[in-house]
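Visitor: Please put the model up, and then take me through its contacts by question and answer.

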Amino acid sequence: MDLSFGPEYEAYRAEVREFTAEWSAHAPLSHERAAEFRDRATERGYLYRGIPKRYGGSEREFDAFREAIVAEEFDASGLPWRLGAQGVGMIVPTLLEIGEEWQREKFIPGTLRGDYVWCQGYSEPGAGSDLASLRSSARLEGDEWVINGHKIWTSDAQDSNYMFGMFRTEPDAPKHAGISYLLLEVDQPGLEIRPLRQIDGAVHFNEVFFDDVRTPADWIVGKRGQGWQVARVNLKYERNLGGGSMMRRHFNGLLELARRSEIDGRPAIQDPVTRRRLAELEGYVRCVETTYMRQLSATANGEEQKVSLPILMNKLYGTDTREKIARLGYDLVGSDGLRAPAEEDLKIQSNTETVTGWVDQYLFSLAGPIAAGSSNIQRNIIGERGLGLPRDLRSPS
Amino acid sequence: MHFGLTEEQELLQQTIREFAASELPAPKLRALFDEGSGHDPGLWAKSAEIGLAGLTVPESYGGAGLELLDLALAFEVLGESALPGPYLGHALAALAIAEGGSEDQKQRWLPRLASGEAIGTVALAERNNVWECADWRVEFRDGALAGEKEFVPYAQLADLTLVGTVGGGLAVLERDAEGSRVDAVDGVDRTRALGRLELTGARAEALPAPPGTAERVLDAGRVLLAADSFGGAWKLIETTAEYTRTREQFGTPIAQFQSVKHMLADAATEIEPARGLFWYAAYAWERLPEESPRAAATAKAHLTDRAADVSRTCVELHGGIGFTWECDVQFWVKRAMFNRTFLGAPSAQLERVADLGGW
């Protein structure tokens with residue numbers, strides 16, 4: 001065991017930090033400047049290491065530590081380096097893994113530059129955890145797919161150029177085998193976006209209605225009827241989106257709140273009950289951090305099989321820890337917990353600066369156990385794949 | 001950067017696992033548990049032969065010269081196997097002498113401890129939940145000890161006992177010294193015996209220990225208890241998963257029911273991500289001394305508490321049989337109780353986490 005990165009990586013970190021300092025001096029960056037910042041970062045090999053140059057990546061040798069250092073430093077700088085999770089995080093790796101060559105050339109460079117924004121068409125009102133029961137359909141008419149149906153929980157739909165999604169193309173096949181993975185343009189007749197106001201009053205999600213929406217026959221990823229397998233590749237990337245230092249930042253926000261809140265005329269951080277709850281949470285946050293370190297180390301050293309079990313637990317553990325932080329924060333704001341979240345809280349997710357930001361976190365953290373694979377589905381996965389328990393009553397996939 | 005185990009460390013765990021499987025089959029563990037002394041001289045001797053008695057003792061004194069992480073990994077397997085014996089007190093006594101003994105003291109005691117020929121222990125606790133060295137009241141004056149120590153592991157068996165004294169000192173008391181009296185305590189965990197030590201002028205020899213030595217011994221102990229808890233909790237999760245795969249009710253293995261599956265998944269998710277806590281705390285004890293006390297307190301508070309929770313869940317999942325004396329689950333329930341309480345309960349550790357964090 002050796003927790004030092006060594007002089008080579010420390011030098012790399014210093015170089016990255018110098019780069020972020022230069023750009024931070026001009027923050028906040030305009031849309032164009034932000035794109036330029038990402039271009040410069042890509043030229044230096046900080047971004048898109050695993051993506052070939054011909055698609056706009058920096059095509060560097062695999063190095064999990066360099067990737068981690070860049071993520072840590074860029075996150076700490078607050079610079080706009082993370083583009084929409086659906087694009088860079090999901091469709092790009094999926095196309096790289098199983099897309100056609102022309103699809104990669106057409107879609108990846110614009111996505112990496114931030115010119116193309118993507119949304120995801122998976123969930124439907126009748127297909128949540130049982131996603132494969134989805135009913136939105138596409139039928140081939142000449143050289144076009146004609147799409148009808150209804151998707152829900154579509155983030156960024158209004159800002160998107162493209163959608164990737166799952167549609168039923170083989171109505172007579174068994175449910176998992178009847179789905180195809182299609183790409184389509186968002187801005188077209190027959191496609192209607194309706195914002196969905198969520199429990200905290202914010203609008204991050206949408207419903208999308210399809211009424212004879214069209215997309216070219218070859219805008220399909222994988223073969224007809226293989227959409228479920230493609231989505232599994234894709235979801236693998238969705239589960240990898242979490243970072244290591246994020247939880248510590250949330251927790252630090254909570255500590256700051258405890259320092260400025262008062263209980264019985266004293267700072268809450270001096271209150272024994274609060275101290276105990278914070279210290280208990282410190283344990284959970286340390287677990288998140290050290291588990292991340294284990295996974296990073298295993299990935300870098302080609303020993304990923306050694307961390308297959310904690311990887312199954314990332315989503316559930318992260319969700320639960322976030323919720324604990326939000327709930328303690330809500331307790332610390334005291335009577336101000338009677339207030340509704342303010343407009344500004346809804347714009348900045350996880351605003352730790354205002355009391356009503358914590359009211360919003362209390363509400364927003366309700367999404368964690370539901371979104372992107374519910375906690376109960378995670379428990380099934382952990383029980384079955386992790387502990388070898390028998391599958392329960394579900395149709396075979 | 002490598003935050004994982006080396007092949008040697010994995011081999012070390014494998015060796016102890018195989019040792020426990022061959023030398024401590026379930027009926028033997030059961031017999032030892034029922035007999036209640038927490039000790040089997042043959043088992044101790046054999047474990048010493050594979051090096052368990054001297055893992056961290058420097059090679060020049062006959063030990064394996066390993067680090068606290070290696071010892072913690074060994075303790076993970078001890079927890080898994082619920083191996084009865086004086087390992088904890090022994091390991092801490094050896095660490096105390098190695099860290100704080102004079103050259104002469106090291107030469108006199110460490111080789112005998114490393115070989116397992118002599119058994120060591122530590123007398124730390126005092127009445128009213130005292131564990132921290134700042135609160136120790138046993139007096140050491142003119143070479144003699146006076147006062148009382150509680151919950152001393154294997155007090156009746158130990159050849160030498162490191163006694164914590166006023167001001168955080170450590171003094172070595174040899175077995176059957178005049179002016180010392182040992183009473184057995186009927187402990188809840190029958191895999192680890194406890195005794196009470198009454199000192200009325202017993203002759204002892206102080207370690208010239210540099211300031212902070214006693215704190216480091218306590219920190220090391222907390223790391224080892226966290227590791228033991230991790231091993232025990234994971235073992236319980238695995239055996240309980242196996243039980244639910246075979247136990248049938250309503251015509252099907254109960255593991256098929258989501259209520260059961262989800263309880264196990266939650267239990268596993270409380271424990272597995274905490275593995276890094278004891279790894280990190282053990283690493284910090286050797287390499288990042290300024291972080292060590294807080295890391296040890298965090299690991300101790302979190303892991304021993306979570307393991308206790310999980311042990312209760314596993315009893316529940318066993319149903320009625322889980323509540324009986326004949327069910328082996330109780331070994332780990334009680335080991336978890338010991339780990340949770342010994343060297344200071346989670347509540348006390350959490351207060352230290354807050355203090356040491358500058359909160």
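The turns below cover the conventions, the contact between the chains, two domains and a set of strands.

Visitor: Which kind of model is this, and which pLDDT do local features need?
Guide: Residues are numbered from 1 along each chain as its sequence is written, and chains are lettered from A and ligands numbered from 1 in the order in which they are written. Side-chain values use heavy atoms, with hydrogens and water left out, and totals for chains, interfaces and linings use all residues, while side-chain atom pairs count only at pLDDT 80 or more and local features in this predicted model need pLDDT of at least 70.

Visitor: How much area do chain B and chain A bury between them?
Guide: Contact means heavy atoms within 4.5 Å, and 45 residues of chain B contact 46 residues of chain A. Buried area is the accessible area (1.4 Å probe) that two parts lose on being put together, summed over both. Of the area buried here, 62% is on carbon and sulfur atoms, and the total is about 4,300 Å².

Visitor: Which helix gives the most residues to the side of chain B that touches chain A?
Guide: The interface has 7 salt bridges, a salt bridge being a side-chain nitrogen of Lys or Arg within 4 Å of a carboxyl oxygen of Asp or Glu. One of them joins Arg379(A) to Asp266(B), with the closest N and O atoms 2.7 Å apart. Helices are DSSP runs (H or I, at least four residues) and strands likewise (E, at least two), numbered from the N terminus. With 9 residues, the largest contribution on the chain B side is that of H8(B).

Visitor: Which residue forms a salt bridge with Glu205(B)?
Guide: Chain B has domain 1 (7–115), domain 2 (120–206) and domain 3 (213–356), with bounds from an automatic or database domain assignment. Between domain 1 and domain 2 of chain B the count is 1 salt bridge. The closest N and O atoms of Glu205(B) and its partner are 2.4 Å apart, and that partner is Arg108(B).

Visitor: What is the bridge partner of Leu140(A) in E3(A)?
Guide: Two strands pair if DSSP finds at least two bridges between them. E2 (residues 137–141) and E3 (residues 144–152) of chain A are antiparallel, with 5 bridges. They form a hairpin with 2 residues between them, where Gly142(A) in the turn has a positive phi of about 65°. Across this pair, Leu140(A) is matched with Trp145(A).
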